[in-house]
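Reader: I'm new to looking at protein models. Could you walk me through one, feature by feature?

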Amino acid sequence: MAWEKEIAKLAELVRRDNCNVVVMAGAGISTACGIPDFRSPGTGLYHNLAKLKLPYAEAVFDVDFFRENPKPFYTLASELYPGKFAPSKFHLLLKLLQDKGKLKRVYTQNIDTLERQAGVEADKVIEAHGSFAENHCIDCGKVFEMNVFKKKLEEYNAAAKNAQNDDLWTRCDECEGLIKPRIVFFGENLPKRFFDTWDDDSEELTKLGKKSNTVVIVAGTSLTVYPFAMLPEEVDKHTPRVLVNRECVGDFKANPRDSDIVLETSADDVAQKLVEELGWEEELQTLMTEH
Ligand code: CNA
């Protein structure tokens with residue numbers, strides 16, 4: 001298969017001394033864990049949310065809609081809540097790259113925290129769309145511990161079995177506003193840390209130019225959600241970019257570069273093949289038995 005030949009080029013880049021890998025990831029790196037992505041036909045979350053009778057699929061991440069009807073978001077949050085899933089081979093590849101001193105950063109759109117569960121250090125992970133780790137009242141901004149929201153979700157799910165779930169929403173003890181995890185909804189700002197870190201990382205790439213040993217791997221994303229989708233196009237022209245996705249997307253399709261490597265297959269197939277090329281199979285196996 002074409003991607004299997006191309007992977008040798010990626011292995012060669014990673015094998016270089018002082019190689020730095022920057023990863024830009026999306027829902028496709030977690031589908032193997034049992035978490036549906038948004039847009040895959042038939043299995044994507046938007047397809048599954050149809051049964052909740054949303055006026056339009058993205059309404060589940062719309063603050064105004066959430067205010068009127070929190071049920072679809074609560075249902076989705078129950079499906080995605082951290083702790084229910086184990087990291088994929090691709091997540092473990094990130095840990096392996098870190099162990100080898102080759103992981104510079106992981107920018108992720110995912111809210112499932114599986115990069116951290118795989119053991120990637122907090123300072124290396126940028127959760128561009130937030131996560132379930134922090135929660136706040138959408139009216140007065142009061143911050144709530146993770147376990148407050150988690151407990152409420154559990155109560156909601158227990159009641160849902162008896163169809164008595166309609167007014168179990170988590171509300172603020174100060175102002176009765178709804179409590180929501182700091183997951184970025186449409187129209188909300190991305191965390192400042194996302195912009196600051198990318199400014200630093202991309203500036204460094206530009207400064208180093210041809211001297212840079214960095215390779216950027218974009219994996220499991222349709223590159224349709226902005227501003228995240230802009231990152232690959234902002235990568236310095238001297239830095240090789242690799243796309244690992246079921247289909248060619250975004251800037252790889254619109255503005256392909258001669259140095260691009262496009263691997264149109266599953267993220268886990270690439271992880272497996274890459275560790276074979278690099279002779280890291282045993283270490284990957286050990287990580288897999290630990291998770
Ligand atoms: P998306 O728009 O659903 O795109 C996913 C992409 O991954 C598609 O191009 C698929 O073809 C591809 N894909 C699916 N499975 C695989 C696989 N096994 N290997 C390789 N490629 C695969 O998702 P994006 O991340 O691009 O969209 C951004 C949204 C999705 C963010 O706001 C996320 O918060 C949100 N999301 C996150 C999760 C999660 O945390 N796991 C799940 C679903 C959605």
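Reader: Which atom of T31 does a nitrogen atom of the ligand approach, and at what distance?

Author: The idea to have ready is the polar contact: a pair of N or O atoms within 3.5 Å; within protein, one must be able to donate a hydrogen and the other to accept it, and residues adjacent in sequence count only if both atoms are side-chain atoms. Here, an N or O atom in the side chain of T31 is 3.1 Å from a nitrogen atom of the ligand. Before we go on: this is a predicted model, where local features need pLDDT of at least 70 and side-chain atom pairs count only at pLDDT 80 or more, while totals for chains, interfaces and linings use all residues. Residues are numbered from 1 along each chain as its sequence is written, and side-chain values use heavy atoms, with hydrogens and water left out.

Reader: What about the backbone, where does the ligand meet A27 and R246?

Author: A polar backbone atom of A27 is 2.8 Å from an oxygen atom of the ligand. At R246, a backbone N or O atom lies 3.3 Å from a nitrogen atom of the ligand. Taken alone, the ligand exposes 850 Å², and the protein buries 95% of that. Those areas come from the Shrake-Rupley method with a 1.4 Å probe; for residues, only the protein chains shown count as cover.

Reader: How many residues are around the ligand, and which come nearest?

Author: A residue counts as near a molecule or strand if one of its heavy atoms lies within 4 Å of it. There are 28 residues around this ligand, and R39, D112, H129, S222 and E247 come nearest.

Reader: Where does the ligand sit?

Author: In the largest pocket. To find one, you lay a 1 Å grid over the protein atoms alone: a cavity is a set of points where a 1.4 Å probe fits but cannot get out, and a pocket is an open set with protein on both sides within 12 Å along at least five of seven lines; lining residues have an atom within 4 Å of a point. A molecule sits there if more than half of its atoms lie within 2 Å of the grid points.

Reader: Next, strands. How many residues of β8 are buried?

Author: Two terms first. Helices (H or I, at least four residues) and strands (E, at least two) are DSSP runs, numbered from the N terminus. Buried means under 20% relative accessible area, exposed over 50%, and partly exposed in between (1.4 Å probe, protein chains only). In β8, residues 241–245, five of the five residues are buried.

Reader: Which residues of β8 are on which side?

Author: In a regular strand the side chains alternate between the two faces of the sheet. In β8, R241, L243 and N245 are on one side and V242 and V244 on the other, and both faces are covered.

Reader: Which way do the neighbours of β8 run, parallel or antiparallel?

Author: Strands pair if DSSP finds at least two bridges between them. β7 (residues 214–219) pairs with β8 in the parallel sense over four bridges, and V218 has L243 as its bridge partner. Strand β9 (residues 261–264) also runs parallel to β8, joined by four bridges; there, E264 stands opposite N245.

Reader: In what order do the strands of the open sheet with β4 come?

Author: The order is β5-β4-β6, with antiparallel pairing. The edge strands, β5 (143–144) and β6 (179–183), each pair on one side only. Two bridges link β4 (residues 130–137) to β5, with N135 opposite F144.

Reader: How do I spot odd backbone geometry?

Author: Most residues other than glycine have a negative phi, and most peptide bonds are trans. Now look at the loop between β7 and α9, where L223 lies. Its phi is near 50°, a positive value. P227 lies in that loop too, and a cis peptide bond with omega about 5° joins Y226 and P227.

Reader: And N18, is that residue buried or exposed?

Author: N18 counts as exposed because its relative accessibility is 64%. N18 lies in the loop between α1 (2–15) and β1 (20–25), and its phi is also positive, near 55°. L223, by contrast, is buried, because its relative accessible area is 6%.
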